[in-house]
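Student: I am new to this structure and would like to go through it step by step. Could we begin with the ligand and then move outwards?

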Amino acid sequence: MGESPSSPTSCSSSRSAPFPQSNFASLPVMALKDKIVEKILENRVTLIVGETGCGKSSQVPQFLLEENIKPILCTQPRRFAVVAVAKMVAKARNCELGAQVGYHIGHSKLISASSEIVFKTAGVLLDEMRDKGLNALNYKAIILDEVHERSVESDLVLVCVKQFLLKNNDLRLVLMSATADIARYRDYFKDLGRGERVEVLAIANTNQQALFQRRVSYLEQVTELLGTSSDLLAQTYCSGPNPSMAAADIKPEVHRLIFDLILHIHENEPDIEKGILVFLPTYHDLEQQWHRLNPLSSSFKVHILHGSIDTQQALLAMKILKSHRKVILATNIAESSVTIPKVAYVIDSCRSLQVFWDATRKKDSTELVWVSKSQANQRKGRTGRTCDGQIYRLVTKSFFNKLEDHERPAILRLSLRQQVLLMCCAESRAINDPKVLLQKALDPPDPEFIEDALNLLVCMKALDRPSPRGRYEPTFYGRLLASFPLSFDASVLVLKFADFGLLQQGILLGILMDAQPQPILRPFGEEHLVLSYKLHVLACGNNSPSDNFFYQSSVYRVRLPILWWRLRLYCPNWSKGDDTNWKLGCISVLATYF
Ligand SMILES: Nc1ncnc2c1ncn2[C@@H]1O[C@H](COP(=O)(O)OP(=O)(O)OP(=O)(O)O)[C@@H](O)[C@H]1O
């Protein structure tokens with residue numbers, strides 16, 4: 001047996017006081033600790049299903065570590081969750097982050113040779129596989145957390161891990177979720193080996209006292225609470241036979257309703273430390289809500305949780321405030337895995353932004369959709385973790401009951417160009433044939449879809465057309481394209497500009513294209529900086545003002561040097577742009593955004 005979680009680990013020093021173990025001792029997962037370890041040791045694939053907040057993400061990796069099953073890799077679907085859970089586990093083990101417990105997201109990596117539990121996003125793991133092949137999966141245990149979240153990256157990781165398991169007997173795979181479709185995973189792994197099957201462990205909430213209570217209200221009760229009528233809102237949004245036909249946009253009256261509800265909670269909840277988490281679909285909606293709340297800044301401290309917000313800044317939302325009521329406006333980045341202490345109220349707009357490939361216009365498009373029941377359940381699970389919770393769903397109960405159980409896997413609705421190119425660039429033969437690999441996915445995409453992506457990459461000269469029985473080989477251009485830390489479209493744009501000797505402008509535009517939301521449009525509460533930026537660029541060209549939001553943006557600071565370095569390395573002669581070009585580029589970029 002290894003160390004007990006309460007004893008300080010081999011880590012040198014601790015940054016902050018560890019959590020009192022009593023915080024975790026009563027978690028439902030603790031009662032099953034021995035059984036979980038036993039089942040994982042007995043079976044190569046184990047699926048753990050348990051209510052949100054029962055302790056899966058934070059405790060299961062530690063159970064394995066204590067049994068000396070290490071190193072352990074844990075994937076989380078989102079960067080924010082990777083950092084938040086890694087921090088939390090490091091703190092629970094009284095260890096400095098980056099020592100025994102580490103993480104890797106995008107270009108931020110806190111891992112050392114002594115790290116025994118590492119948290120990563122699925123995207124980072126795929127990148128590693130492109131370079132090292134399936135050797136990147138050389139761990140004693142791999143935990144794929146929140147497996148119900150079906151991003152393209154998560155699905156590809158699942159395929160690769162399965163291929164690895166077919167050749168490797170030692171690896172233990174643990175799948176975890178509160179809302180996974182058990183039968184599907186059982187079926188997916190049924191061909192693993194003779195007599196082998198996925199062991200399913202359900203964590204029952206037998207110890208009811210351990211979990212805090214959660215109460216759910218729907219639009220009818222919310223309007224009753226506020227002394228208004230739900231008729232108009234219900235008619236506008238929640239009517240019709242099928243949610244897919246009902247408009248999921250957010251008109252001003254929904255923002256008004258959320259505002260009134262926040263005020264109502266504030267006036268009726270004497271405990272100022274109890275925070276409110278609001279789920280909205282887009283950055284624009286966060287902004288609208290933020291502007292409504294801004295005049296009440298003496299009562300509320302508003303935090304924004306959105307993919308474009310710096311992770312360190314986002315983590316500030318974790319702090320418990322004694323002076324103001326904390327209101328967190330979030331998109332689905334805060335939907336799963338994270339515990340934001342003292343969130344007692346969740347207001348769920350029940351809407352989400354979905355990206356899909358528009359085959360007619362040959363581009364990615366977005367639409368607002370209603371969440372699935374599984375997503376709504378995850379949102380609900382953000383409260384009732386450190387105190388009792390109240391959830392307000394802004395749709396009628398009958399409408400909610402008609403929502404889909406699960407959202408459509410991204411692999412079936414997004415273009416696979418970038419992933420197909422990445423696969424073709426991989427050294428390992430086990431993963432470098434996209435036609436073969438993608439057919440092994442949990443939900444294999446239509447072969448025509450893959451063929452389309454391959455043809456497009458051939459047309460762009462990123463891939464060479466293969467001999468009849470050969471495979472698609474990446475060209476130099478294709479490898480370069482695949483190596484950029486940018487979206488596919490932005491990478492193409494950078495290289496197109498480079499062809500014309502306008503590399504710097506291309507990089508700037510590429511980064512701006514990817515920065516979501518456009519950082520120089522309207523940063524929250526820092527509108528004056530936009531003006532100063534406009535003036536500064538017009539006056540001084542590329543001399544960056546250090547206090548500017550745009551230059552502070554992590555996208556700019558982190559990505560630009562990496563991209564620049566890679567391009568210099570690959571094609572030293574491409575950087576022909578002189579200073580005049582650079583200034584022209586800046587002005588043309590600005591012209592696009594004003
Ligand atoms: N930062 C934190 N501060 C205080 N308590 C925390 C913190 N993180 C986790 N906890 C406690 O640990 C519990 C378990 O959290 P954990 O993330 O392991 O649950 P989970 O089962 O993985 O949930 P989910 O399915 O939502 O990811 C929480 O319900 C909460 O009580």
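Student: How many residues surround the ligand, and which are the closest?
Tutor: This is a predicted model, and in it the ligand has a shell of protein residues around it. The shell holds 19 residues, and the closest are Lys-56, Ser-57, Ser-58, Arg-382 and Arg-385.

Student: Which helix gives the most to the shell around the ligand?
Tutor: Lys-56, Ser-57 and Ser-58 are among the closest residues to the ligand, and a helix covering residues 56-66 contributes three residues to the shell. The element that gives the most is therefore helix 3.

Student: How far is an oxygen atom of the ligand from a backbone N or O atom of Arg-385?
Tutor: Two side chains can be described before that backbone atom: an N or O atom in the side chain of Glu-146 is 2.9 Å from an oxygen atom of the ligand, and for the side chain of Arg-382 the corresponding distance is 2.8 Å. For Arg-385 the atom belongs to the backbone, and its distance from a ligand oxygen is 2.6 Å.

Student: What share of the ligand's exposed area does the protein bury?
Tutor: The starting point is the ligand taken alone, which exposes 630 Å². Of that area, the part buried by the protein is 91%.

Student: Is Arg-150 buried or exposed?
Tutor: Arg-150 sits in the loop that runs between strand 6 (141-144) and helix 6 (152-167). Its relative accessibility is 13%, and because the cut-off for burial is under 20%, Arg-150 counts as buried.

Student: Which side chain makes a polar contact of 2.6 Å with the side chain of Arg-150?
Tutor: Leaving aside neighbours within four places in sequence, Arg-150 is in contact with several residues, including Tyr-185, Pro-409 and Leu-442. One polar contact, of 2.8 Å, joins its side chain to that of Asp-155. The polar contact of 2.6 Å is made with the side chain of Asp-443.

Student: Why is helix 15 described as largely enclosed by the rest of the structure?
Tutor: Helix 15 spans residues 417-425, and its buried residues include Arg-417, Val-420, Leu-422 and Met-423. It is largely enclosed because, of its nine residues, the number that are buried is eight.

Student: Which residue lies 6.0 Å from Cys-425, C-alpha to C-alpha, although the two are 49 residues apart in sequence?
Tutor: Cys-425 lies in helix 15 and is buried, with a relative accessible area of 6%. Beyond its neighbours within four places in sequence, Cys-425 is in contact with Arg-130, Gly-478, Arg-479 and Ala-482, among others. The residue at 6.0 Å, 49 residues away in sequence, is Pro-474.

Student: What is the relative accessible area of Cys-350?
Tutor: Cys-350 is found in the loop between strand 13 and strand 14 (351-358), and it has a positive phi of about 65° although it is not a glycine. Lys-342, in the loop between strand 12 (325-330) and strand 13 (343-348), also has a positive phi of about 65° without being a glycine. Cys-350 is buried, and its relative accessible area is 0%.

Student: Which peptide bond is cis, with omega near 0°?
Tutor: The place to look is the loop between helix 3 and strand 2 (72-76), where Pro-71 is found. The cis bond is the one from Lys-70 to Pro-71.

Student: What does the UniProt annotation call residues 257-422?
Tutor: In the model this span is 28% helix and 27% strand, and its end C-alpha atoms lie 45 Å apart. The name comes from an unreviewed UniProt entry, which annotates the span as the domain "Helicase C-terminal".

Student: What is the mean pLDDT of the protein, and where is the pLDDT below 50?
Tutor: The mean pLDDT is 82, and 81% of the residues reach 70 or more. Over residues 573-594 the pLDDT stays under 50, although the model has 37 contacts beyond four places in sequence for them. The pLDDT is also below 50 over residues 1-18.

Student: What percentage of the 594 residues count as buried?
Tutor: The protein has 24 helices and 18 strands, and of its contacts with a separation of 6 or more, 73% are between residues 24 or more positions apart. The share of its residues that count as buried is 56%.

Methods:
Residues numbered from 1 in each chain as written. Predicted model: local features only at pLDDT ≥ 70, side-chain atom pairs only at ≥ 80, totals over all residues. Heavy atoms only, no water. Helix = DSSP H or I, 4+ residues; strand = E, 2+ residues; numbered from the N terminus. Buried < 20%, exposed > 50% of the residue type's maximum accessible area, 1.4 Å probe, protein only. Polar contact = N/O pair within 3.5 Å; in protein donor to acceptor, adjacent residues only side chain to side chain. Contact = heavy atoms within 4.5 Å. pLDDT = per-residue confidence, 0-100. UniProt positions renumbered as here; feature names shortened; annotations may be inferred. Near = heavy atom within 4 Å. Areas by Shrake-Rupley, 256 points an atom, 1.4 Å probe, with all protein chains shown as cover.
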